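Me: I should like to learn how to read the features of a structure, one at a time. Please show it, and let us begin with its pockets.

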Amino acid sequence: MSGEDNEGEILPFAAHRGNGRTVCVFCGSSPGVSPVYAESARQLGQMLAENGYRLVFGGGGVGLMGEVARAARDAGAPVIGVLPAFLRSLEPPLKSAEELIITPDLQQRKTRMLALADAFVILPGGLGTLDEYFEVITTTQLRVHAKPIIVINVERYFDPLKALLDRVVDQGFARMEIASYHEFVATPAEAMERLKHLLGARAL
């Protein structure tokens with residue numbers, strides 16, 4: 001889809017001058033209690049577009065995932081949603097996504113998103129977001145892929161996760177090298193700088 005819809009003026013995707021790289025964003029289908037979460041999601045979506053990236057996201061138009069996708073789309077980025085069929089009523093899809101891929105279940109959704117992405121960015125979210133995060137970091141550990149993983153620690157939301165990972169290593173259930181599989185940053189701007197460095201691509 002391109003052009004305009006009732007959610008606002010949209011830059012046509014044909015005008016998008018990208019770098020050929022796709023970033024997958026995992027985040028909540030709820031907005032969270034702090035308005036900073038939604039603002040960070042919007043900033044990330046806009047910056048992805050401004051730096052020439054395509055966006056892959058969970059497909060829903062609700063919560064933080066809706067915020068990041070609308071911001072990316074409004075700034076001209078191609079947006080691809082990946083949504084399990086059973087979630088269509090719970091997380092209504094973003095109507096103006098360029099492409100909506102419907103999968104039979106959550107596992108195939110994650111498999112499809114992992115295959116489409118060149119890098120992953122994680123914003124605050126619930127159990128689904130944590131599941132997706134652990135999927136990509138575990139597949140990194142198993143040498144399935146070596147794609148960058150950036151965690152945006154908005155409002156120190158992921159501090160308990162960092163502590164848990166330290167505990168996992170301390171108790172001998174993983175090696176210290178797991179720290180090299182991902183990076184924690186504080187803001188979308190920092191995430192963007194790391195993405196540009198790690199992917200070695202800038203907007204054309």
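**Pockets, sheet and single residues**

Reply: At least two residues of the lining of the largest pocket come from each of β1 (22-26), α2 (63-74), α3 (106-116) and α4. The model is a predicted one, in which local features need pLDDT of at least 70 and side-chain atom pairs count only at pLDDT 80 or more, while totals for chains, interfaces and linings use all residues. Residues are numbered from 1 along each chain as its sequence is written, and side-chain values use heavy atoms, with hydrogens and water left out.

Me: What do labels such as these stand for, and how many helices and strands does the protein have?

Reply: The labels denote DSSP runs numbered from the N terminus: helices (H or I, at least four residues) and strands (E, at least two). The protein has six helices and seven strands, and along the sequence they follow the pattern β-α-β-α-β-β-α-β-α-β-α-β-α.

Me: How is a pocket found, and what is the volume of the largest pocket?

Reply: Rolling a probe the size of a water molecule over the atoms shows where empty space is left. On a 1 Å grid over the protein atoms alone, a pocket is an open set of points with protein on both sides within 12 Å along at least five of seven lines, whereas a cavity is a set where a 1.4 Å probe fits but cannot get out; lining residues have an atom within 4 Å of a point. Points are joined across faces, edges and corners, and the volume is the space filled by probe spheres set on them. Here the largest pocket has a volume of about 390 Å³. Its lining comprises 28 residues, of which C27, G28, S29, G126 and T129 are the closest to its centre.

Me: Which element gives the most to the lining of the largest pocket, and how does the lining divide by class?

Reply: Helix α4 gives the most, with five residues. The lining has 14 nonpolar, nine polar and five charged residues; Ala, Val, Leu, Ile, Met, Phe, Trp, Tyr, Cys and Pro count as nonpolar, Asp, Glu, Lys and Arg as charged, and the others, Gly among them, as polar.

Me: What is the volume of the second largest pocket, and which residues are the closest to its centre?

Reply: The second largest pocket has a volume of about 160 Å³. Its lining has 13 residues, and the closest to the centre are A146, K147, P148, S180 and Y181. By class, this lining divides into six nonpolar, four polar and three charged residues.

Me: P148 has just been named. Is P148 buried or exposed?

Reply: A residue is buried under 20% relative accessible area, exposed over 50% and partly exposed in between (1.4 Å probe, protein chains only). P148 has a relative accessible area of 14%, so it is buried. P148 lies in the loop between α4 and β6. The C-alpha atoms of P148 and L198 are separated by 6.8 Å, although the two residues are 50 apart along the chain. Over the whole protein of 204 residues, 48% count as buried.

Me: In what order do the strands form the sheet?

Reply: Two strands pair if DSSP finds at least two bridges between them. The seven strands form an open sheet with parallel pairing, in the order β4-β3-β2-β1-β5-β6-β7. Its edge strands, each pairing on one side only, are β4 (99-103) and β7 (183-185). Strand β3 (residues 79-84) and β4 are joined in the parallel sense over five bridges, with P84 opposite T103 in β4. Three bridges join β5 (residues 119-122) to β6, also parallel, and V121 stands opposite I150 in β6.

Me: Which residues of β6 are buried on its two faces?

Reply: In a regular strand the side chains alternate between the two faces of the sheet. In β6, I149 and V151 are buried on one side, and I150 and I152 on the other, so that both faces are covered.

Me: How should one read a buried lysine, and what joins the side chains of K110 and E135?

Reply: One looks for polar contacts: pairs of N or O atoms within 3.5 Å, where within protein one must be able to donate a hydrogen and the other to accept it, and residues adjacent in sequence count only if both atoms are side-chain atoms. K110, found in helix α3, counts as buried because its relative accessibility is 9%. A polar contact of 3.4 Å joins its side chain to that of E135. K196, in helix α6 (residues 188-199), is buried at 13%, and its side chain has a polar contact of 3.1 Å with that of E193.

Me: What phi does R143 have?

Reply: Most residues other than glycine have a negative phi. R143, however, has a positive value near 65°. R143 lies in the loop between α4 (127-141) and β6 (149-152) and is exposed at 59% relative accessibility. E155, in the loop between β6 and α5 (159-170), has a positive phi of about 55° although it is not a glycine.
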